[in-house]
Amino acid sequence: MSPMAAPADVALAEAVAAFDTTPAVLDGIAHEFGLQIGRGLAGAGGSLKMLRTFTRQPTGRERGLVVVVDWGGTKGRAGIVELAGAGAARVVTEEVFTFSSQDKVGAIAPVFDVVATAVGRIVADRPAAAYPLAFVYSFPARLERIDRAVALALTKGWSVAGLEGQDVAALLSAALERRGLTRVTVTAVANDTVATLMLQSYRARATGGRPADIGLILGTGTNQAADLGPDGIRNLESGNFDGVAPVATRYDVALDRELLDPKPGAQRLEKMVSGRYLGELLRRVVCDLGQRTVQFRGVAGSAFATPFAVDSEHLSRIATDRTAGLDQVGALLRTFGLASSRSEREGVRELSAAIVRRSARLVAATLLGTLQVIDPALADRRTVAVDGSLWGGYPGFAGLVRGAFIDLVGAERADRIELAFVKDSTSIGAAVIAAVAASQGSERCSSG
Ligand code: BGC
């Protein structure tokens, strides 16, 4: 050991402990989250935007054929969904399209042209029909009507020049028109969290069940939508919640400060819980230990040193390694050009688990923050509809969230919260929103 190096085991234990979250601190975060919901609804500021959605819970009987578009990350989807009523639905056809890294930071028109081209392919062999289109725009947007959504600052590493302040429905309509697709009409714009909530409700209501209270996405980004009764279904943009200082480590502070998109101070919760950032946090801790201890010495010269090289799929692979020597963790590190000792592999696994566990506990606290607004005593059964690659892909994530619920509100009340995983909810959820919009018709301008 060089004289300057910190004892590796002590430094590792400190780093792991930095990601601990006590019930008392999480309680405080849940409380603050609830307060900020109130402030947002009252238009009194705070970090939760509480955006209106101009939709309402479905009946379960909605029917129709809807073109759906999903844009919220590098991969988008276009498809046609058929709602058959009675909670039934099927994806008639669907294709995935990919944005280039240039699209993510470029001009507006190329992005919408990628989307419109995909829509063109989807409807190509159906020349006669006219379609309503539901546009799932999974970034912050201020809706003014169900079919008018003004873009706010982008998230998840996107920064399309000049998009902020523009109506994304109008931009998509213009792109469809450029392709001669005038038989496709944008009738609804929604956030992905709203689509998840609505799909769960559509299915549940058809069988006499209760609608979802919350829609949660935990994938590349994170966010919640919630049915707040008289205030309607709101898009919280919870990834922007800033009451996370009590659990922020120096790694979180540095990540927040050093990123340009989203800018420092923005998306603070998202930067601590969502798939885009968890691998990056692990990478930063390992690089730091490589500088300060005798462990991970090779990291500086390896691909591990590249920002955002580690993603949440890597974390899932680390968690599933059951071999005694952590061979899969070793193989993963080798793909980054990093040789490792057994204790380094154990360190990586411990750190990764601590970072993911904190994510789950923060998600649980913020869900409780919302539930405390809806039903302060948690007297009734409540349903959280969830989708997203981190929730669906990381082994045992739901169990970690449930464990935190039990820590915070006790087993009896925790049991009243159903966590319903609604896989691939976006397309069908979007179709439900379009069908509800069609039935709302003249109510378009009513409050949402
Ligand atoms: C966006 C939200 C979106 C979430 C999940 C966040 O970065 O701001 O609008 O719902 O990601 O996709």
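This dialogue considers the ligand site, the pockets and the cavities of a predicted model.

Trainee: Which residues come nearest to the ligand?

Mentor: There are 15 residues around the ligand, and Thr155, Asn191, Asp192, Glu237 and Glu270 come nearest. By class, this shell divides into three nonpolar, eight polar and four charged residues. Helix H6 (192-206) and strand S10 (222-227) each supply at least two residues of the shell.

Trainee: Why is the pair formed by the side chain of Asp192 and the ligand called a polar contact?

Mentor: A polar contact requires a pair of N or O atoms within 3.5 Å. An N or O atom in the side chain of Asp192 is 2.6 Å from an oxygen atom of the ligand, so the pair meets the definition.

Trainee: What makes the pairs of Asn191 and Lys156 with the ligand polar contacts?

Mentor: A polar side-chain atom of Asn191 lies 2.8 Å from a ligand oxygen, and for an N or O atom in the side chain of Lys156 the distance to a ligand oxygen is 2.9 Å. Both values fall within 3.5 Å, and therefore both pairs qualify.

Trainee: How much of the ligand does the protein bury?

Mentor: The ligand taken alone exposes 310 Å², and the protein buries 98% of that area.

Trainee: Where does the ligand sit?

Mentor: The ligand sits in the largest pocket. That statement requires more than half of the ligand's atoms to lie within 2 Å of the pocket's grid points.

Trainee: What is known of the volume and lining of the largest pocket?

Mentor: Its volume is about 1400 Å³. Of the 49 lining residues, Gly73, Lys75, Gly219, Thr220 and Ser389 are the closest to its centre. The lining comprises eleven nonpolar, 23 polar and 15 charged residues. Among the elements that each supply at least two of the lining residues are strand S3 (75-85), helix H9 (275-292) and helix H15 (425-440).

Trainee: What is the lining of the second largest pocket by class?

Mentor: The second largest pocket, with a volume of about 320 Å³, is lined by ten nonpolar, four polar and four charged residues.

Trainee: Why is a space called a cavity and not a pocket?

Mentor: In a cavity a 1.4 Å probe fits but cannot get out, whereas a pocket is an open set; the name therefore depends on whether the probe can escape. The structure has four cavities of 30 Å³ or more.

Trainee: Which residues line the largest cavity?

Mentor: The lining includes Arg52, Leu143, Asn191 and Ile433. By class it has six nonpolar, four polar and one charged residues, and the volume of this cavity is about 50 Å³.

Note on methods
Residues are numbered from 1 along each chain as its sequence is written. This is a predicted model: local features need pLDDT of at least 70, side-chain atom pairs count only at pLDDT 80 or more; totals for chains, interfaces and linings use all residues. Side-chain values use heavy atoms; hydrogens and water are left out. A residue is near a molecule or strand if one of its heavy atoms lies within 4 Å of it. A polar contact is a pair of N or O atoms within 3.5 Å; within protein, one must be able to donate a hydrogen and the other to accept it, and residues adjacent in sequence count only if both atoms are side-chain atoms. Accessible areas come from the Shrake-Rupley method with a 1.4 Å probe; for residues, only the protein chains shown count as cover. On a 1 Å grid over the protein atoms alone, a cavity is a set of points where a 1.4 Å probe fits but cannot get out, and a pocket is an open set with protein on both sides within 12 Å along at least five of seven lines; lining residues have an atom within 4 Å of a point. Helices (H or I, at least four residues) and strands (E, at least two) are DSSP runs, numbered from the N terminus. Ala, Val, Leu, Ile, Met, Phe, Trp, Tyr, Cys and Pro count as nonpolar, Asp, Glu, Lys and Arg as charged, and the others, Gly among them, as polar. Grid points are joined across faces, edges and corners, and a volume is the space filled by probe spheres set on the points.
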